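Please find below some short comments on this entry. They begin with the overall fold content and then turn to side-chain contacts.

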Amino acid sequence: LTLPECDAFTSQSIKPHARLAPAATSSTALSVFGKKQPEEDLSYIESRDMTREEMLELNRRNEEVMNRELQAMTGISVLFSIPILYLCWVAFFSD
């Protein structure tokens, strides 16, 4: 009965395995963080200051949106308050 030679914990066994290892190519999700992205061309974007009329129009639209949101929040608040007020009425004024 002979056992195969085992040298797993010696420094001699590490060197041959290190030479046989393939080149370091990583396909993990973290390997994308080190790569430099190509420069994006943003020349198609037009940038200019808004005129007074455009600003007033934008402010008017924003105010309309905010008023609709405020009305919706008030409506939902009243809708949720009605059952609570009814329960309080029943609790305090029932015989």
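1. The chain contains two helices and zero strands. It should be kept in mind throughout that the model is predicted.

2. Burial is scarce: of the 95 residues in the chain, 1% are buried. The exposed surface of the chain comes to about 10100 Å², and 62% of that area is supplied by carbon and sulfur atoms.

3. How many salt bridges does a search of the whole structure find? The count is four. The points below take up three contacts of this kind, including the one between Arg-60 and Glu-57.

4. Arg-60 and Glu-57 meet through their side chains in a salt bridge, with an N to O distance of 2.5 Å. Both belong to helix 2, which covers residues 52–93. They are three residues apart there, so about one helical turn separates them. Neither partner is buried, because Arg-60 has a relative accessible area of 38% and Glu-57 one of 32%, while buried means under 20%. Both therefore count as partly exposed.

5. Glu-57 also forms a salt bridge with Arg-61, where the closest N and O atoms are 3.9 Å apart. This value lies within the 4 Å cut-off for a salt bridge. Glu-57 and Arg-61 are four residues apart in helix 2, and therefore separated by about one helical turn. Arg-61 is partly exposed, at a relative accessible area of 43%.

6. Which residue besides Glu-57 does Arg-60 pair with in a salt bridge? The partner is Glu-64, and the closest N and O atoms of this pair are 2.5 Å apart. Arg-60 and Glu-64 both lie in helix 2 with a spacing of four residues, about one turn of the helix. Glu-64 is partly exposed, its relative accessibility being 36%.

7. Taken together, the contacts form a network of salt bridges that links Glu-57, Arg-60, Arg-61 and Glu-64. Within the network, Glu-57 pairs with Arg-60 and with Arg-61, whereas Arg-60 pairs with Glu-57 and with Glu-64. As a general point, side chains of opposite charge can pair when their charged atoms come close.

Technical notes:
Residues numbered from 1 in each chain as written. Predicted model: local features only at pLDDT ≥ 70, side-chain atom pairs only at ≥ 80, totals over all residues. Heavy atoms only, no water. Buried < 20%, exposed > 50% of the residue type's maximum accessible area, 1.4 Å probe, protein only. Areas by Shrake-Rupley, 256 points an atom, 1.4 Å probe, with all protein chains shown as cover.
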